[in-house]
Amino acid sequence: MYLAFYRTFRPANFDEVVRQEHIVRILKNQIESDKVGHAYLFCGPRGTGKTTLAKIFARAINCEHPVNASPCGKCAACRALADGSNLDISEIDAASNNGVDEMRDLREKVQYPPVAGKYKVYIIDEVHMLTQSAFNAVLKTLEEPPRHAVFILATTEPQKIPATILSRCMRFDFKLIPQHDLESLIKSVFEKTGKEYEDAAVAAIARAGAGSARDSLSIADMCASYSQGKLTYADVNAVLGSAEWAKVAHICGCILNEDSSAALSAVEEILATGKGVGVLIKDMLSFLNDCTIIKVCKTAREIVNLPDETYKIIEETVQNADGHKLLRVTEILSKAETDMRYSLSGRITLETAVLKASMPQIDYDIDAIIGKINALERKISEGVTVAVTQTPVVQHTKSEPAKPAAQPAQPTAPAKKIVLMEDDFVPFAAEPPVKKEEVAVQPRIFDSMPAKPAAESFGSADKGKIFAKFIKSLRTTHKNAVLFTLCMDMDHTFEGDKLILLTESEAVLKSLSRADNMKFISEVLLELGVADFEIRFRQRGESGYEKALRELKSNFDGTDIEIK
């Protein structure tokens with residue numbers, strides 16, 4: 001009977017295990033020092049060797065003459081345990097035996113001593129599938145089993161296991177297998193079976209395996225059956241059901257070149273051949289991943305391991321694309337792949353994502369904006385003239401009617417003052433920048449009064465409005481929200497034309513007296529026509545009610561005022 005690659009070439013000893021050196025070393029040391037534990041937990045992604053390592057460890061602790069801590073395969077115990085009917089090593093599938101009755105049966109059988117070896121080993125696969133009652137049934141046995149019993153629990157989801165079980169086990173976390181090791185494993189299997197191959201084909205199989213040795217060998221098994229001669233990169237793509245690589249490259253190239261019409265047409269052409277939407281978007285993400293690696297990594301050729309002509313095509317595709325654009329397109333397609341799980345029409349989801357990715361001018365995402373800026377800078381560096389339209393802000397007094405900025409000034413009308421705000425400038429322009437002495441850049445002051453000369457006196461009406469205008473300026477300037485909070489509860493008075501700001505808090509006085517705050521307050525008040533001001537501390541005294549009552553009696557001296 002034919003056995004699949006992953007069964008035929010399953011490791012028989014510790015030395016054949018692919019990676020997981022941190023686990024192998026601990027298990028070897030325990031066997032050599034005769035310090036075998038009673039409960040182990042093997043957790044990690046699928047196909048990384050959890051069950052395989054559990055079986056090797058079960059045979060090794062029963063072997064009479066272990067070789068480098070691995071089972072020798074020749075002694076009586078090894079020969080007996082090689083028989084699948086031997087009950088000294090029991091493999092239980094918790095997915096189908098997850099009830100409390102099965103665990104009670106296990107608890108009863110664990111009391112019987114082993115027949116062929118020293119230990120009786122129970123390997124419980126997918127242990128997270130056990131019910132809560134089943135966990136409770138095996139809990140006490142797991143904590144204090146007979147001296148001859150060893151439990152090995154294997155799972156891909158350790159977070160679902162109760163803490164009471166986890167605390168009674170020695171936990172080992174398996175890692176995904178690197179692509180380089182998967183390639184070496186696949187090549188060794190092909191060489192043992194006499195199958196010729198291309199390095200690019202093996203690399204494609206290893207990438208599709210995504211860190212799982214079992215998945216990689218399963219794909220290699222299919223590819224070996226598909227190709228009668230030498231296994232090529234195209235054969236692997238055909239087995240995986242991927243869309244034609246050249247067409248995928250064409251779609252991604254159109255998206256990166258912002259040619260939405262050509263990109264959408266290419267998508268329609270591939271889908272018309274019967275390719276699935278999910279397969280196509282997966283192939284596009286894989287191509288963009290290669291593009292990103294080639295764009296940013298110095299050792300990209302060794303990482304992607306593609307044929308020379310394929311590598312050259314990707315290099316040409318990303319020649320005019322930067323990292324921000326690649327990141328943005330990848331994120332859009334990744335989101336589309338997730339959205340298709342809940343979409344009734346995956347085709348529309350994909351086409352919408354392709355249009356959005358190829359039209360950054362309609363996208364307000366930060367990566368899209370940065371991409372547009374980088375494109376403009378590249379054009380400028382190449383000598384292309386970029387026109388930048390800048391609309392000035394016209395500041396006028398209330399007594400003077402506002403006129404559109406584009407309307408030419410009449411000969412008899414007074415000249416209007418043009419103020420350029422700091423945040424109205426664009427990062428770059430085709431014309432040389434304006435010199436500072438030619439245009440004064442002023443801070444943005446909203447609804448401010450016309451500035452008055454310092455020598456001019458204020459009327460009582462103007463003095464009453466000054467503080468309100470000052471607070472309003474702080475409130476409408478988002479950068480100075482802290483100053484607004486500090487000043488809103490302050491009192492004020494005038495000594496001649498000098499504004500006196502009064503506060504009863506020493507902390508507020510200390511904060512406002514900082515150089516940067518004093519500078520900003522001075523600039524704001526100067527815009528309001530106040531050239532001189534002072535911040536003073538006022539001792540807490542009478543309340544506002546008492547102050548108002550005192551002022552009322554002072555204003556109506558000689559009048560009898562009755563308070564009710």
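This section describes the overall composition, two sheets, a covered helix and the internal cavities of a predicted model.

The predicted protein contains 24 helices and 11 strands. Of its 564 residues, 39% are buried. When contacts between residues at least 6 apart in sequence are considered, 70% of them join residues at least 24 apart.

One open sheet is built from 5 strands in the order β2-β3-β4-β1-β5, with parallel pairing. The edges are occupied by β2 and β5 (170–173); each has a single partner strand, so one side of each is left without a neighbour in the sheet. On average, neighbouring strands of this sheet are turned by 15° against each other, direction ignored. The edge strand β2 is joined to β3 by 5 bridges, and the two run parallel. Within this pair, Ile 92 has Ile 124 of β3 as its bridge partner.

Strand β1 takes part in two of the pairings in this sheet. Its link to β4 consists of 5 bridges, with the strands running parallel, and Ala 39 stands opposite Phe 151 in β4. Its link to β5 consists of 4 bridges, again between strands that run parallel; here the bridge partner of Tyr 40 is Met 170 in β5. Because 5 of the 5 residues of β1 are buried, this strand is largely enclosed by the rest of the structure. In a regular strand, side chains alternate between the two faces of the sheet. In β1, Ala 39, Leu 41 and Cys 43 point one way, while Tyr 40 and Phe 42 point the other way, and all of these residues are buried.

Helix α3 (residues 50–60) lies across β1, β2, β3 and β4, and it runs at about 155° to β1. The helix is mostly covered, with 9 of its 11 residues buried. The buried set comprises Lys 50, Thr 51, Thr 52, Leu 53, Ala 54, Ile 56, Phe 57, Ala 58 and Ala 60. These residues pack against strands β1 (39–43), β2 (89–93), β3 (120–125) and β4 (149–155), and also against helices α2 (21–32) and α4 (76–81).

A further open sheet has 3 strands in the order β9-β10-β11, with mixed pairing. Strands β9 (491–495) and β11 (533–537) stand at its edges, each with a single partner strand, so one side of each lacks a neighbour in the sheet. The twist from one strand to the next averages 25°. Strands β9 and β10 (residues 498–503) run antiparallel and are joined by 5 bridges, with Thr 493 opposite Ile 500 in β10. Helix α23 (residues 515–527) lies across β10 and β11, and its direction is at about 130° to β11.

Internal space was examined next. Rolling a probe the size of a water molecule over the atoms shows where empty space is left. The search of the whole structure finds 3 cavities of 30 Å³ or more, and the largest holds about 40 Å³ of space. Its lining consists of Ile 124, Val 127, Leu 130, Phe 135, Val 138, Leu 142, Leu 153 and Ile 165. By class, this lining has 8 nonpolar residues, no polar residues and no charged residues. Helix α6 (residues 132–143) supplies the largest share of the lining, 3 residues. Ile 124 thus appears both in the lining of the largest cavity and as the bridge partner of Ile 92.

Key. Residues numbered from 1 in each chain as written. Predicted model: local features only at pLDDT ≥ 70, side-chain atom pairs only at ≥ 80, totals over all residues. Heavy atoms only, no water. Pairing = 2+ DSSP bridges. Axes fitted to C-alpha atoms, helices over the stretch in contact; angles between N-to-C directions. Contact = heavy atoms within 4.5 Å. 1 Å grid on protein atoms, 1.4 Å probe; cavity = no way out; pocket = protein on both sides within 12 Å on 5 of 7 lines; lining within 4 Å. Points joined across faces, edges and corners; volume = space filled by probe spheres on them. Nonpolar A, V, L, I, M, F, W, Y, C, P; charged D, E, K, R; others polar. Buried < 20%, exposed > 50% of the residue type's maximum accessible area, 1.4 Å probe, protein only.
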